[in-house]
Every structure is written in C-alpha cells, then in structure tokens.
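The following exercises concern the architecture of a two-chain structure. Each task is followed by a solution that proceeds step by step.

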Amino acid sequence: MSFFTPENLEKAQVLVGLYPDKRSALIPLCHLAQGQHGHLSKEAMEEIGDLLGIQPAEVMGTASFYDMLHTEEVGKYVVGVCTNVACLLGGGLELLDHASDTLGVPPGGTTEDGMFTLEEVECVAHCDKAPCAQVNYRYFGPLSNGDFDKLVDDLANDRLSDSVPPHGVLSRVFRDAPPMVPLEIIHQERREMDEAKKARLAAQNPDAGGKQ
Amino acid sequence: MSTKIVTARVGLPNSYALSSYLEHGGYQSLKKALLEMTPEEVQAEVTASGMLGRGGAGFETGRKWSMLKQDPVRYLVVNGDESEPSTFKDHLLVENDPHQLVEGTLITAYAIGATRAFIYLRGEFALGLERVQAAINEAYAYGAIGRNILGSGFSVDLVLQPGAGAYICGEETALIESLEGKRGYPRIKPPYFPAVIGLYGAPTIVNNVETMSNVPWIVANGGNAFAALGKGRSTGTRLFALSGDVLRPGNYELEMTSKTFRDLIYDPEFGGGLREGRSVKAFIPGGVSAPWFGPENLDLPLGQDEVAQAGSMLGSGSIIVLDDHSCAVRAAWRITKFFNRESCGQCTPCREGSGWIEKIMHRLELGSGTETDLDLVLDACDNIAPGLTWPPQQTTICVLGPSIPSSVVSAIKMFRDEFMIHIKEEGCPFVH
C-alpha cells in the first residue's frame, strides 16, 4: 500500500530527480504529502523515507524543525495571524485574541469540526497590509475584526475554495520541464568554458600565464 | 524623474507572465550575455556596478563572485527566504516579476559557471512559489533554461526549492543545510563563505532575490550606468519596505542616498506621513536586528555608509516607524519573542538567553517587572553579545543571537522613562 496517490507518486519521483543528492527533495516531498493529506502521517514519513533512502525518523527529525510541516493533524484551513512588530503596531495581538474568540480555540488549537487550526505566526512579509493573516498560506489583510469574521464565514461555507486551495503550497503549479540536462554534459561544457576563460586571460596577460 | 530598475514592470497587467515580460524587453539581457559576452565580461559589469548584496549584509556582489573557488562543480543558490520582520520587498518581486528573477539567475549562473542553479523561496510565499514555478516552466518552453540556451551552447538547469517556515534559513549556511534536506542549522565557521564550501560541499554563491533581479538591468545598461546612481558605496536603487505607524506603508524603489528617512516617511508619494497630530518617536532603519533611531536621525540619507556611521544598519532595507502613541517596551518585547521563537537552538547563549530576555521583557511590558529587571535584561544581553557594542561581538555560530540585544538596548537607552512608568503604574500606559 502506497501513501502517495499514483499521480502524486509520479510528482514525487520528478522531485527526487531534481537534485544531485536526493535527500534535497525532503521538504518538497513533505509539502506534497501535506497537499494530499493535510499533515505528515506516519505512513507519509515512511514513504518519503523510502523514496529518499533514509529512515522515517530522519524525515520526522527534519520536518519537526519547520513551522509549516505538521506532524499532527490540522484543520482543513490553517489560519495564521501575524503578531510580529509591524502587525503588532497595527493591532495584530488584538486580532489574534479576536480570532481565538471567533473560532473558540486558543492559538495552536483546532476547532472540533476539524475546519480550522489557529496559529500565531511570525512575520509573513505582508507588512503593508497589517494586521494580516494567512489561510493555508494565502494572504489576507489588513483585517478588522469584522473582516476576520467574514473571512471565517466565507471559508466555512466554501466561498473561497478558488483562492484558498487545501493544503500544500505546491498543490497548484508543478514543474513542467524537460528532464534535467545530464550532468556529464554540463561538466564537459564547464570544463571547456573554464579552459577558454584561462586561455583568454593568458592572452590578455601574457606575464601571468602559467602561474594559475 | 526617478529610475526604477527592479520594479519597472510592477503594475503592468499580467506582469508575471512571459508574454508581458517579452513585450517589455525580457530575456534580451540573457541573450546579450550568452551570445555577445564572456562570463568574465558579465562579471566585470557587475563588479563595475558596485552593487551591494540586497539581502542584509551588504557585501559587494562582484567581489563575492570573484571569491568562488573554481572547482569543476559549483552552484548558484538564490536566497528568497525573506523572513526578517517587516521586510516584504522580495515578496513583491517574486509575485510580480518572477521572470526578471529567473533571467538574473540564469545570467549569474553563466557568469560564475554554475553547474546548477536553485531558487530557495520561503514556504509561506504560496503565490510566489506558483508564480516562480510557472515562470520557470515558461522559460524552459521558451528555450531560456535547459540544454543549449537560446542557441548559445550554454546549458544549465534551474530548480525552485520551497522552504517550510524557519527564519534562520535566511542565514546562508542554514539555507544550504535546508536545501540539502536537513534541519536549518547554520554551519560552524570557518569556512566563512559558501564560496569555498557550500551546497553538497561544493563552492556555492548565495545571492538575494533583489540582487539577482538587478542583474538583467546591469547587463543591458552597463555597470557604470548602475554605479552612476547613488553615491559612494551605495550604488543603484533599493527597494525600501516601509511599515508601522505610517499612512501609506509599502515598498518604494528609490535611488540610493537620494532621499532621507524623513522623505520616505512623510513624502505624500511615499509614506504619506503619520496620523493626524502624531509624531515619530522612533524608527528601525534596517530590520529588527538593527539598533533603533530617534527623530534626530530622520534627515539621514538612505545610504549604506550614512546609516552605518550613525550607529545602525540599512540591513534588509525595511523601515519600521513607531509614533508617539505606540509603546516602545511592547515593540521591543515582541521583537525578543520573535528571536526566542526562531533561535535554532544550537548555541547556548542564544537558545537560553533569548528565552530569559523574552520573559523579562514580557513582565516589564505587563507591569510586573522591577527596576532591577532593567539591569538583569541588559546583563543577559551582555552574555550573548559581550560589551553590547554595535556591530555586536559574536558568541554564537551565526548572527541571530547577537542580533537580539539591539532592540532591547535601544529601547532601554532611548525610553528608560517609559519602562519606569510601566513599573510604577504596574501596567502598560498605552492604549492597544
């Protein structure tokens, strides 16, 4: 039994092929898994480990470092309210309090119906729209309390499914490119480039020739 | 007439699409570089431009490239992990002009002879990731990436890498670790520069998104034209991200040193001033790692050396304004909370110190602190950056730890009376 759907497994194999060392695909694969399942389940981490030739514990050990990678279940919509300094000056902490009241959960909590997880997040680089929030990493701001409630209502009633896709920041656009140029060809080209460069420098600077 | 370089196409319809980019001169610089220039000629133009890296450290781009060890395998990594609080310039560039970033990256890959190029974007930029990936897809189809680019005989692949939420991955060696599929732990120095040992142990150039976005213009117009803008070491334009208590927060691309902080904050074309009846109490000139300035520094020009000489830094080019209705203690506390949360945990002074400092600052803000807490918090700061100098002394692997004291020291130095009111009144006197 495979964790990834056939379509995602194909994508996973493309991702693994993009790097000289396949472990580099770890974070992209985690995003892919979250796109499919919301969070990183044990099965997902096992399969990612298999794809990368590492232990599931190494996947867990890496994933647990990153705020966006969830090793426990999260709601359909992860709502991140920023309270860092620009948002703080614009009322971000008060917005977080309000969000907590509206959703009925403290920061870090998930609503009982599994729709929303509320997070207090650090600066998400949307400071000219303070106070701001992200829902599944799509931007909203500046948000008054009323705007926030309307946003939650729209999300709960599926009115924003176009602009806020389910999880996974790689879920909507995927690499569509020819296979990588074989490294032997690149290495051959670079050797020739470097030799040509050396020859040009030697021609410009006959005295320095041979000292390289 | 102000020159726009990196934001010239921002605001055009579909500015992120290849068709729009090609209509406005897109990929002409790549063509010029690959077909008419040698790699060292491209590098010479960038060196002549005098462009300082736009990420925060302000290192000369041309000099960085020249330090790249000429091993057969070497990499280019673009740092788009923009996470310095209140910095949102790369956010604008990746969403609105991703092809400019791609073109600059490809030209740089040619100039330095990179085996492969990577663009590392912070994971929270969902739309930015979509736009850059779409641009890469289009550029492959157009023949600007991959085998035998535009018939030049030069081949290179470009890979987009998403981050996953960690401020520290903006530090270049942590970014490299993250790109290798590991926890974002900064690497022990030396070696000081990835240009010697970087990605997969190979020499690597790490450049910021805005830096890369300037490269097509430099190739098109020449390094000297870029150097003619600005003054001294501050050449070209910069994208300043203005936020906080101003009427028109936003990104403003300005010729370096041509305007002052006062212009940026008050000019109706830029910040548009403050709310009725309010005045600037303090501003942070270059991201939350930078020491704060008071109103007496408003007339400083927006230049690298000018800000450094006045005792702070231009850093990532983000300016945060606090007006006289905002609480300095609260702002400083929130900044320490950020550092505490984002410390990677490798080094004791940073891991432990940031927690202590945050706790003390929080109780001071809440009004349960005491006057001796002021000395205590400064002492904790001194343990991370001995002497509390600027630039700070280094006790840790990376500069995150030593960046923590700046805001605390600034707030206590500039607003001791405000701290005292919090202590005496047992609460924050400001309305939130």
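Domain bounds here are those of an automatic or database domain assignment. The model is predicted, so local features need pLDDT of at least 70 and side-chain atom pairs count only at pLDDT 80 or more, while totals for chains, interfaces and linings use all residues. Residues are numbered from 1 along each chain as its sequence is written, and chains are lettered from A and ligands numbered from 1 in the order in which they are written.

**Exercise 1. Domains**

State the domain assignment of chain B and describe the contact of domain 1 with domain 2.

Step 1. Chain B is assigned domain 1 (18–228), domain 2 (238–323) and domain 3 (328–425).

Step 2. Taken over C-alpha atoms, the centres of domain 1 and domain 2 of chain B are separated by 27 Å. To their contact, domain 1 of chain B contributes 13 residues and domain 2 of chain B contributes 13 residues; residues are in contact if their C-beta atoms, placed from the backbone, lie within 7 Å.

Step 3. On the side of domain 1 of chain B that touches domain 2 of chain B, there are 4 nonpolar, 5 polar and 4 charged residues. In this classification Ala, Val, Leu, Ile, Met, Phe, Trp, Tyr, Cys and Pro are nonpolar, Asp, Glu, Lys and Arg are charged, and the others, Gly among them, are polar.

Step 4. For chain A, the assignment gives domain 1 (6–63), domain 2 (77–156) and domain 3 (181–212). The C-alpha centres of domain 1 and domain 3 of chain A are 39 Å apart.

**Exercise 2. The chain interface**

Determine which helices of chain A supply at least two residues each of the side that touches chain B.

Step 1. The contact involves 56 residues of chain A and 61 residues of chain B.

Step 2. Helices α2 (26–37), α5 (85–89), α6 (92–103) and α8 (183–204) of chain A each supply at least two residues of this side of chain A. Helices (H or I, at least four residues) and strands (E, at least two) are DSSP runs, numbered from the N terminus.

Step 3. The largest share, 10 residues, comes from α8(A). By class, the side of chain A that touches chain B has 32 nonpolar, 8 polar and 16 charged residues.

**Exercise 3. Two sheets**

Give the strand order of the open sheet in chain A and of the open sheet in chain B, and identify the strands at the edges.

Step 1. In chain A, 4 strands form an open sheet of mixed pairing, in the order β2-β1-β3-β4; strands pair if DSSP finds at least two bridges between them. The edges are β2 (116–121) and β4 (138–140) of chain A, each with a single partner strand, so one side of each has no neighbour in the sheet. Neighbouring strands are turned by 25° against each other on average, direction ignored.

Step 2. Strand β1 (residues 77–82) of chain A runs parallel to β2(A), and 6 bridges join them. Y77(A) is placed opposite F116(A) of β2(A). Across β1 and β2 of chain A lies α6(A), at about 150° to β1(A); axes are lines fitted to C-alpha atoms, for helices over the stretch in contact, and angles run from 0 to 180 degrees between N-to-C directions.

Step 3. In chain B, 4 strands form an open sheet in the order β8-β7-β10-β9, again with mixed pairing. Its edges are β8 (250–255) and β9 (280–284) of chain B, each with a single partner strand, so one side of each is left without a neighbour in the sheet. The average turn between neighbouring strands is 30°, direction ignored.

Step 4. β9(B) and strand β10 (residues 318–323) of chain B run antiparallel and are joined by 4 bridges. Within β10(B), L322(B) is the bridge partner of A282(B).

**Exercise 4. Backbone geometry**

Locate the cis peptide bonds that join G141(A) to P142(A) and K189(B) to P190(B), and the positive phi of N148(B).

Step 1. Most residues other than glycine have a negative phi, and most peptide bonds are trans.

Step 2. The cis bond between G141(A) and P142(A) has an omega of about -5°, and P142(A) is in the loop between β4 and α7 (145–156) of chain A.

Step 3. The cis bond between K189(B) and P190(B) has an omega of about -5°; P190(B) is in the loop between α8 (172–179) and β4 (204–208) of chain B.

Step 4. N148(B), although not a glycine, has a positive phi of about 50°, and its place is the loop between α7 (126–142) and β3 (158–162) of chain B.

Terms used:
Contact = placed C-beta atoms within 7 Å.
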